[in-house]
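Visitor: I'd like to go through the labels on this one and hear the reasoning behind each. Can you start with the terms and then show how they apply?

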Amino acid sequence: MTFGAGHPGAVVSGARVFYERLGFTAAEAAEPGPEGGSRQVYRLLLDWRAVS
């Protein structure tokens, strides 16, 4: 979970870009954080067939 797209820290922190570079994709929105800003769930889809 990280900042939502509308959260002021989303661009400044680089968290969304970080997760996307690791292969995570944005999923559903989450409850606002303690500071009141939006949050976003990110998920990583793993292909278990590739694991030997």
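Guide: Sure. A residue is partly exposed when its relative accessible area falls between the buried range, under 20%, and the exposed range, over 50%. Keep in mind that this is a predicted model.

Visitor: Then why is leucine 44 called partly exposed?

Guide: Leucine 44 has a relative accessible area of 38%. Buried would need under 20% and exposed over 50%, so leucine 44 counts as partly exposed.

Visitor: Where does leucine 44 lie, and what is it in contact with?

Guide: Leucine 44 lies in the segment after β3. Neighbours within four places in sequence aside, its contacts are Leu22, Gly23 and Phe24. With phenylalanine 24, the C-alpha to C-alpha distance is 4.5 Å, although 20 residues separate the two in sequence.

Visitor: Why is threonine 2 called buried?

Guide: Its relative accessibility is 9%. The cut-off for buried is under 20%, so threonine 2 counts as buried. Threonine 2 sits in strand β1, and beyond its neighbours within four places in sequence it touches residues including Ala15, Tyr19, Arg39 and Tyr42.

Visitor: What makes β1 and β3 a pair?

Guide: Pairing takes at least two bridges. Strand β1 (residues 2-3) and strand β3 (residues 39-43) are joined by 2 bridges, so they pair, running antiparallel. One of the partnerships puts phenylalanine 3 with arginine 39 of β3.

Visitor: And how do you know that β2 pairs with β3?

Guide: By the requirement of at least two bridges. Strand β2 (residues 25-30) has 4 bridges to β3, so these antiparallel strands pair as well. Here threonine 25 has arginine 43 in β3 as its bridge partner.

How values were computed: Residues numbered from 1 in each chain as written. Predicted model: local features only at pLDDT ≥ 70, side-chain atom pairs only at ≥ 80, totals over all residues. Heavy atoms only, no water. Buried < 20%, exposed > 50% of the residue type's maximum accessible area, 1.4 Å probe, protein only. Contact = heavy atoms within 4.5 Å.
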